[in-house]
Amino acid sequence: SGDCFELAQTVSTNFKPNVGLLNPPYKTKGSTVEELDFVLNNLEALQPDGKCVAILPLGCAIGDNAKIIERKRILLEKHTLEAVMSMPVDLFHDSGVGVVTCVMVITAHRPHPAGKKTWFGYWRNDGFVKTKHRGRIDLHGTWKDIKMKWLATYRSREVVKGLSLLAQVKAEDEW
């Protein structure tokens, strides 16, 4: 146990991780740590070409305040933003956290190449339905097909109208 910001170098040296899967604490009033700080910290602990996959508040991708833009600038200078997928609005409806999220996929220690296009997935409709006493469930049995389509378009970096696109991004842009 311990502080992830203090342990990153030790973890990197001792374990040489090549994958980071993050659901960092979401920023609260008075907090000085941004969600993207956890992502940047994780990326520093990963081996070159390692992958970080983080579920974050959508504000980390579309926010335009100076703190977010600076962290996005650092991310692009040191790492490659491969993909951003917007998630269902009510994904965490049972948790009491009313935040809309996205998932970022980032390659560690490879600066974002000039002209590289990032893949964006509009993954809002996962087919799940909110039900009383059971939460979000695959009531109509559509999740398997939706998931397969999402993964196929992601893996092939395919552009599908209304589902995905490719775009060059800068730190100031909405991701």
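Helices (H or I, at least four residues) and strands (E, at least two) are DSSP runs, numbered from the N terminus. The structure is a predicted model, in which local features need pLDDT of at least 70 and side-chain atom pairs count only at pLDDT 80 or more, while totals for chains, interfaces and linings use all residues. Residues are numbered from 1 along each chain as its sequence is written, and side-chain values use heavy atoms, with hydrogens and water left out.

In these terms, the protein chain has five helices and eight strands. Starting at the N terminus, their order is α-β-α-β-α-α-β-β-β-β-β-α-β. The radius of gyration is 17 Å, close to the 16 Å that the globule rule gives for 175 residues, so the protein chain is as compact as a globular protein of that length. That radius is taken over C-alpha atoms, and the globule rule is 2.2 Å times the number of residues to the power 0.38. Along the principal axes, the C-alpha atoms fill a box of roughly 45 × 40 × 35 Å.

Contacts (heavy atoms within 4.5 Å) show how the chain is connected. Among contacts with a separation of 6 or more, 73% are between residues 24 or more positions apart. Of the 175 residues, 42% count as buried; buried means under 20% relative accessible area, exposed over 50%, and partly exposed in between, with a 1.4 Å probe and protein chains only.

Helix α2 is a place to look at burial. It spans residues 35-45, and 10 of its 11 residues are buried, so the helix is largely enclosed by the rest of the structure. The buried residues of α2 include Glu-35, Asp-37, Asn-41 and Asn-42 as well as Leu-36, Phe-38, Val-39 and Leu-40. An α-helix has 3.6 residues a turn, so residues three or four places apart point the same way.

Another buried residue is Arg-136, in strand β7 (residues 135-137). Arg-136 counts as buried because its relative accessibility is 16%. The side chain of Arg-136 makes polar contacts with two acidic side chains: Asp-126 at 2.6 Å and Asp-90 at 3.2 Å. A polar contact is a pair of N or O atoms within 3.5 Å; within protein, one must be able to donate a hydrogen and the other to accept it, and residues adjacent in sequence count only if both atoms are side-chain atoms. Leaving aside residues up to four places away in sequence, Arg-136 also touches Pro-88, Leu-91, His-93, Phe-128, Val-129 and Lys-130, among others.

The loops hold two residues with a notable backbone angle. Most residues other than glycine have a negative phi. His-133, which is not a glycine, has a positive phi of about 70°. His-133 is in the loop between β6 (129-131) and β7, and counts as exposed because its relative accessibility is 76%. Arg-157 also has a positive phi, near 55°. Arg-157 is in the loop between α5 (143-156) and β8 (164-168), and is partly exposed, with a relative accessible area of 30%.

One more loop residue is Gly-115, between β4 (101-107) and β5 (117-122). Its relative accessibility of 48% makes Gly-115 partly exposed. From Gly-115 to Leu-151 there are 36 residues in sequence and 24 Å in space, C-alpha to C-alpha.
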